[in-house]
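Me: I have a structure open in my viewer and would like to go through its labels with you. Could you tell me what stands behind each one?

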Amino acid sequence: MSTLKDLIADTQSQFRLKPAAAKATFATQSNLKAGFRSEVDIRQHSIVIDEPAALGGADTGPNPVELVLAALGSCQEITYRAYAAALGIPLESVSVKLEGEIDLRGFFAVDEGVRPGYEAVRGTVTLVSGASAEDLALLRGAVDGHCPVLDILRNPVPVALDLNIEAPAAAN
């Protein structure tokens, strides 16, 4: 049985030999149901996304901006675990608490000068580890340099959204 450290080292080795094998495409499919409730399929997983009642939803699931925070927190945790294993740094546990500041005047078109997304995200990563301060600084640098969701949030990503218009089904 291979360890996480072995898995990471083997994967790194394979990607060095065949860089094209490292290219991956992730996909989702979502469908707005009633109100603001959206059902999202991700591989074999389904999640419900909704707005809280105060924002017009039925609060049947987290909202999209909360999922951004969840994506960042969980990606940080996964990346800490992976790099701790790869670097041989003991890590008993890792958890992340995040908050995002958003001015809803942007979403509700109250003030065109206010962006609709987060103005700032802040949080705390908590590690339980007996490693030295130097090793933990090395680990943090590796995580901050290689966490995919942190990179997505810190750097603009080209996004292209086509609009497909279909006629409604004929009434019977």
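Me: Which residue takes a positive phi in the hairpin of β2 and β3?

Reply: Happy to help, and do keep in mind that this is a predicted model. Arg43 is the residue, with a positive phi near 50 degrees, and the hairpin has two residues between the strands. In the hairpin of β1 and β2, five residues lie between the strands, and there Gly35 takes a positive phi near 60 degrees.

Me: How do you know that β2 and β3 pair?

Reply: Two strands pair if at least two bridges are found between them. Five bridges join β2 to β3, so this counts as a pair. The two strands run antiparallel, and one of the bridges links Ile42 to His45 in β3.

Me: And what makes β1 and β2 a pair?

Reply: The reasoning again rests on the cut-off of at least two bridges. Four bridges join β1 to β2, so these antiparallel strands pair. On the β2 side, Ser38 is the bridge partner of Leu32, while Asp41 is the bridge partner of Gln29.

Me: Why are β1 and β3 called edge strands?

Reply: The open sheet has three strands in the order β1-β2-β3, with antiparallel pairing. β1 (29-32) and β3 each pair on one side only, and they are the edge strands. From one strand to the next, the twist averages 20 degrees.

Me: What makes the aromatic pair of Phe107 and Phe108 edge-to-face?

Reply: Rings pair if their centres lie within 6.5 Å, and planes over 60 degrees apart count as edge-to-face. Phe107 and Phe108 are 5.0 Å apart centre to centre, with 80 degrees between the planes, so both conditions are met. A search of the whole structure finds one aromatic pair.

Me: Why is Phe107 called exposed?

Reply: Exposed means over 50% relative accessible area. Phe107 has 54% relative accessibility, so Phe107 counts as exposed.

Me: Why does Phe108 count as partly exposed?

Reply: Buried means under 20% and exposed over 50%, with partly exposed in between. At 45% relative accessibility, Phe108 falls in between, so the label is partly exposed.

Me: Which residues lie nearest the centre of the largest pocket?

Reply: They are Thr28, Ile42, Leu67, Val68 and Ala71, out of a lining of 22 residues. The volume of this pocket is about 1100 Å³. The elements that each supply at least two lining residues are β2 (38-42), β3 (45-49), α2 (64-87) and α4 (148-154). The largest share, eight residues, comes from α2.

Me: How many residues of the lining of the largest pocket are nonpolar?

Reply: The lining divides into 17 nonpolar, four polar and one charged. Ile42, named above as one of the residues nearest the centre, counts as nonpolar because Ile is in that class.

Me: What can you say about the second largest pocket, and which residues lie nearest its centre?

Reply: Thr11, Phe15, Ala82, His146 and Pro148 lie nearest its centre, and 17 residues line this pocket. α1 (4-17) and α2 are the elements that give two or more residues to that lining. The space in the second largest pocket is about 870 Å³. Its lining divides into 13 nonpolar and four polar residues, with no charged ones.

Conventions: Residues numbered from 1 in each chain as written. Predicted model: local features only at pLDDT ≥ 70, side-chain atom pairs only at ≥ 80, totals over all residues. Heavy atoms only, no water. 1 Å grid on protein atoms, 1.4 Å probe; cavity = no way out; pocket = protein on both sides within 12 Å on 5 of 7 lines; lining within 4 Å. Points joined across faces, edges and corners; volume = space filled by probe spheres on them. Axes fitted to C-alpha atoms, helices over the stretch in contact; angles between N-to-C directions. Phe/Tyr/Trp six-rings, centres within 6.5 Å; stacked < 30°, edge-to-face > 60°. Buried < 20%, exposed > 50% of the residue type's maximum accessible area, 1.4 Å probe, protein only.
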